[in-house]
Every structure is written in C-alpha cells, then in structure tokens.
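Here is a friendly walk through the model, from one chain to the contact and on to a helix and a loop. Keep the viewer open as you read.

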Amino acid sequence: MKKEKEVYVDPETGLTFTRVDFSNREDVELYTKAEEDFADTVPDPFVPRNLVVAFGIGQAMRYDHLQRYRTRFLFAFDRDLPIGIVNIFRVIQDSPTKQEIYPVFHVEPFTSVAVAKVADAYHAVARMLNKEGNERVFCHIPYGHAVLKAKLRKKQEFGDFEKAVEILELIV
Amino acid sequence: MLVEFNFERKNLQASAGEIQDYLEQELRKRGYPILFEIESVTIMSRWLVLLIDFPTLKEHTLRPVEFLWDAIAGLIVLKYDVRYRHFTVHGEGPSLIFKEKTQP
C-alpha cells in the first residue's frame, strides 16, 4: 500500500482507503483477486461465470480511464490487510437537468474477511462521502447478505435496483 | 461490426501473433457467446490495438454487448501487463488504426 495513493483514513474504524492504480500491476492483481472472490459468492445475473472476472477488470479499467459515471475505485485496508475493493459512482438524475443527486457505492470483499469488518468498511466509506459534502449516501448490497445488511445502520430500503442488489441509505 | 480495443502497452513483451493465439484460444475455451473474428493485433511504440469483427452484431447496445467487449479486454489484461483504455466501434469515434475520418 503506497502512502501517496491514500485517500482517506477513517477515524472510527482505523480503516484506510487507497486509490486503485490500474497502471500498477500489483494493484491490478489485487483488484482481480477481489473480483474472483466476489464472483464466487455473488453470481452476476448478466455475465457468465467464466467471463465475469475478465469483464470486471476490463470494465473497471475502461470506466477509470474514461471517468464514466465519475466512478472511483478504492482498496480498503485494515492496517496492511486488504478488506476489499470499493466502487463509488454518481447516480445522475433522469431529467433534462442531468443533475447529480447522490453517490452510490458498494464493497466487494475478499472471502476471508469477517462480515463485521465489511460492515465497518461500508460505514467508513459513507463517512468519507459525507465529509466530502454528501448529505445522503447510498450503497448496494447483494441480496442474500442478510447478516451484512443487519449490521448496517440504514435509514430506508429501496426495491430492485439491478435485480441482484438492494440499495440502502446509510446513516452517517 | 468492427471494434477497436485500445491498450497502453506498458511492459508488454509478447508478439502480436502470441497475443492473437492466446485470445482466440481463451475465447473458444470459455465459449464466448457471439461470433468473432480477430482482424489484427498491432503493437506500436506506446499502444497495443486489437481489431475484432463481430459479424452478427448489427448495433451497439449498452448491454449485453459492452460487457462482452470489456470481457475481451479483461482477458488481455489478465495475461499481459497492459493498461486497457477503451474500445471504439468503427465509425463511432477516433481510431488508431484507420487514418480516414470515421465520422462525417
């Protein structure tokens, strides 16, 4: 973990967030490992399993390069232990103004990471986004992750977003 | 539909032929769901460019076509130390391969 890529240290959990540098091979390999782990636990409804990791890294690199949806890609660390990857993007209001309305994020954890730590990562990212000036912060969690959902401090729940996830507003 | 995949070359050591063989084998092994034809693999001083034809595709749609294209780029990234940048559908944007203007 390189210090110059550090973007946020959460004061409550001590978790550290660093920018994913897709030009750095170590970062690419760590990102790919997280995609691999996540694909095993949460099947993508659109992408065949044997292409999902390739799709994940390919799309992330393209979105990062083109700044599509202003997506940000971060690693979450507990000291030197990687917790997972964090994807943050802006939801754009579906109206002529195209005004950005709120940030949405999700965490794709490594399988060896405890659910409580993943929940900490969710809250830490929410706090980071709040400190950046966002009054409301939303996250995706995969359906079926009841334990994680139970550990999140959430305000309200939305229905289907993309079939395989729920979208929640977190209490910051 | 002709699609150009653009990568920053970084530490790429492989030859164009090796890359083409790898990608063809990998796509066939994984049962890539749409017909494809690798037209060319071009290695420049800074860029790696793949030109792939998808003869059965008639229009560019966000899903499912883009995820299948990103998956191709991802297979290259998984094997080689390159930095994927973007794809361009021939005729929709600037090209590193075609010198003629692609848009009227």
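Helices and strands here are DSSP runs, numbered from the N terminus, with at least four residues for a helix and at least two for a strand. With that naming, B:Tyr32 sits in the loop that runs between α1 and β2 (37-43) of chain B. Please keep in mind that this is a predicted model.

**Around B:Tyr32**

Is B:Tyr32 buried or partly exposed? B:Tyr32 is partly exposed, because 19 other C-beta atoms lie within 10 Å, while a buried residue needs 20 or more. B:Tyr32 and B:Leu68 are 36 residues apart along the chain, and 8.3 Å separates their C-alpha atoms. B:Leu68 is one of the buried residues of α2(B), which brings us to that helix.

**The helix α2(B)**

The 15 residues of α2(B) should span 21 Å at 1.5 Å a residue, and the end C-alpha atoms are 22 Å apart, so the two values agree. The expected figure takes 1.5 Å times one less than the number of residues. Most of α2(B) is covered, with eleven of its 15 residues buried. Among them are B:Phe67, B:Trp69, B:Ile72 and B:Val77. What do the buried residues of α2(B) pack against? In chain A their partners are α1 (25-41) and α2 (49-66), and in chain B they are β1 (2-8), α1 (16-29), β3 (47-53) and β4.

**Where the chains meet**

Chain B brings 17 residues to the contact and chain A brings 19 residues. On the side of chain B that touches chain A, α2 (65-79) and β4 (83-89) each supply at least two residues. The biggest share there comes from α2(B), with eight residues. By residue class, that side of chain B divides as follows.

| Class on the side of chain B that touches chain A | Residues |
|---|---|
| Nonpolar | eight residues |
| Polar | two residues |
| Charged | seven residues |

**Chain A**

Chain A has four helices and eight strands, arranged along the sequence as β-β-α-α-β-β-β-α-β-α-β-β. Of its 172 residues, 36% count as buried. Among contacts in chain A between residues at least 6 apart in sequence, 53% join residues at least 24 apart.

The largest nonpolar core holds 67 residues, and the members that touch the most others are A:Ala76, A:Val86, A:Ala121, A:Tyr122 and A:Val125. Leaving out residues up to four places away in sequence, A:Val125 touches A:Val86 and A:Phe105.

Notes:
Residues numbered from 1 in each chain as written. Chains lettered and ligands numbered in written order. Predicted model: local features only at pLDDT ≥ 70, side-chain atom pairs only at ≥ 80, totals over all residues. Contact = placed C-beta atoms within 7 Å. Nonpolar A, V, L, I, M, F, W, Y, C, P; charged D, E, K, R; others polar. Buried ≥ 20, exposed ≤ 12 C-beta atoms within 10 Å, placed from the backbone. Core = buried A, V, L, I, M, F, W, Y, C linked by C-beta atoms within 7 Å.
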